Amino acid sequence: MSTSTPQKFEFQAEIKQLLDIVIHSLYTEKEIFVRELVSNASDALEKLRHTQITEKDLFDDKAELEINVASDDKAKTITIQDFGLGMTRAELVENLGTIAHSGSKAFLKALGEGDKKNTNLIGQFGVGFYSAFMVAKSVKVYSHSWREAEPGHVWTSDGAGSYEIEEAADQRRGTKIVITLKDDCTEFSDDSRIKEILERYSAFVSFPINLNGKRVNTVQALWLRSKNEIKDEEYTEFYKFQAHAFDEPRLRLHFSADAPLAINALLFVPKDNTEKLGFARTEASVALYCRKVLIDAKPKLLLPEWLRFLKGVVDSEDLPLNISRETMQDKALIEKLNKVITKRFLKFLDDEAKNRPETYAEFYAEFGLFLKEGAAMDFTHKDALVKLLRFESSLTEKGKTTSLGDYVTRMGSEQKEIYYLIGPNRAAIESGPYLEGFKARNLEVLFCYEAVDEYVMSNVREFDGKKLAGADHADVKLSDLPKPEGALSEAETKALTEWLKTTLGDRVAEVKASDRLVDSPALALNADKFMSPHMRRMMKAMNKDGAEPALHVNLEINPRAAVMKRLFETHTAAPDKAKLVAEQILDNALISAGLLDDATPMVARLYKLLESV
Ligand code: ADP
Ligand code: MG
């Protein structure tokens, strides 16, 4: 038979079945066909680049190594053309007539070991081409091999049962695929729709891609270049493009690793934490690439939840991809990648904190909440994360912070626990009654101002073998201080506390002399040791209409305070007035602790007291 007349080929029965799977169920999105055909074009150009090294006589040797995409919304077609190595008649039959045969894989096999490392071939499964039939009524593949002596051909099929090949004159080198779109797929003849798809999946393909004459891929795959060649502006440009961002990145980490897979990663911390600004929860958005082609823009399992604020790219050449190239075959491997990248990022933050403390402090002020979330919830990385936490303390200046590590170096040999207090701000904590006992004993107390801190501290539990203890928790014990002149004696104190308990009745669980008070006359502690005053406030806030959590308070009094000495005198001399004073002292302590639920009775009582002045 002459090669110039059309020749018809039937797909084999198994191939028909496979074709059916590819067209109807392999890919989650129809738009994937653009990625697949562009990847094939890129492979064809890459193969030509290799062939050029040894072969001097190439057909159409002025043709540029580029990919041209043309959309025609009148004719409802999309055309993808490359000036790569093309296919002969036999190659058309072999590569496009047999499904699951990858010419690219065969090409790679034929290369020497050294060359293999330098190739950037994407194809491996031999199914991607058929994705065109998800959107095509018919597909025409015009191809001319790089070999001068071979004629050009056109391969035509509707993807149903057969295909035809016939000779075609006036071909440029390489392959031109013309897709006539199905009636419900005409969106793919729209210039802006195709641009969006090309930018999503193929933005970093190594060869120029032009869409209707306009270059699409202008930003390089920076993550594969060597760090010291890249300027800051290039990183910023890349970040803006890749993360669809308008800000400048705050921090960046560019690294490669070899185990468990060869990976190249370029990660950015944005300038602002949008969750903090009140926007919706940030979605994980470090994208996973394989050989510069997007696999998944938002892989959920690539990084832990608390790293969802990161932007950037992770690329691995030899990811064991699922045949649709949308997911990985191996879940365990994703977990390993997750560990490697997370560890590397934690190390990076640790270095930043040491080497550029001011930059780190700014980062922490914006993104510290994520580190707290991780410290409280991610057991695997808890220790590294707790080291990165920062707090103001009774020993830092306002606005300056300390790490738990530094706190521990300042602890005296007697001190066994790390103390913290939770309050809305520094002034509130410093003016409350809880701090003074710690100050008097030179014990440092960390100041926590954020709503989550109570939760974080109770989940973290300990650091460096030392328990974290809330300074307003009832079970914290402090050493004795020398008693100053003029304090109530032990017997007097005992009499007064017993009287107070009887007088205040059910409003208090226990009354005792305090070891934490220096100047203030009294303080209230939640008798429930698992619930600090702050936690109770939170529970109340969350529980607006429901029942209030029952209040169990211990009242601690200061036998050195003038008010207590006076009360001791009046409690026998003028018991009625003393009772009013006792109740007022309790209310004052509850106010300081944020535990006074209803101030109305207090107002009436105060008027009574004022009458007696
Ligand atoms: P894969 O890319 O995984 O090998 P495909 O189904 O996408 O599988 O393509 C099958 C084969 O067809 C490729 O391996 C290649 O040999 C050939 N091929 C596809 N597109 C082109 C092209 N544009 N130029 C040259 N050869 C191509
Ligand atoms: Mg392919």
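Around ligand 1 there is a shell of 19 residues, and the closest are Asn40, Ser102, Gly103, Ser104 and Gly126; a residue belongs to this shell if one of its heavy atoms lies within 4 Å of the ligand. The model is predicted, so local features need pLDDT of at least 70 and side-chain atom pairs count only at pLDDT 80 or more, while totals for chains, interfaces and linings use all residues. Residues are numbered from 1 along each chain as its sequence is written, chains are lettered from A and ligands numbered from 1 in the order in which they are written, and side-chain values use heavy atoms, with hydrogens and water left out.

Three helices, α2 (32–54), α3 (89–96) and α4 (103–110), each supply at least two residues of the shell, and α2 gives the most, with three residues. Helices here are DSSP runs of H or I with at least four residues, strands are runs of E with at least two, and both are numbered from the N terminus. By residue type, the shell around ligand 1 divides into six nonpolar, eleven polar and two charged residues, where Asp, Glu, Lys and Arg count as charged and Gly is among the polar ones.

The table lists polar contacts of ligand 1, that is, pairs of N or O atoms within 3.5 Å.

| Ligand 1 atom | Protein partner | Distance |
|---|---|---|
| oxygen | polar backbone atom of Ser104 | 2.8 Å |
| oxygen | polar backbone atom of Phe125 | 3.0 Å |
| nitrogen | polar side-chain atom of Thr175 | 3.2 Å |

Taken alone, ligand 1 exposes 530 Å², of which the protein buries 96%, with areas computed by the Shrake-Rupley method and a 1.4 Å probe.

Notes:
Polar contact = N/O pair within 3.5 Å; in protein donor to acceptor, adjacent residues only side chain to side chain.
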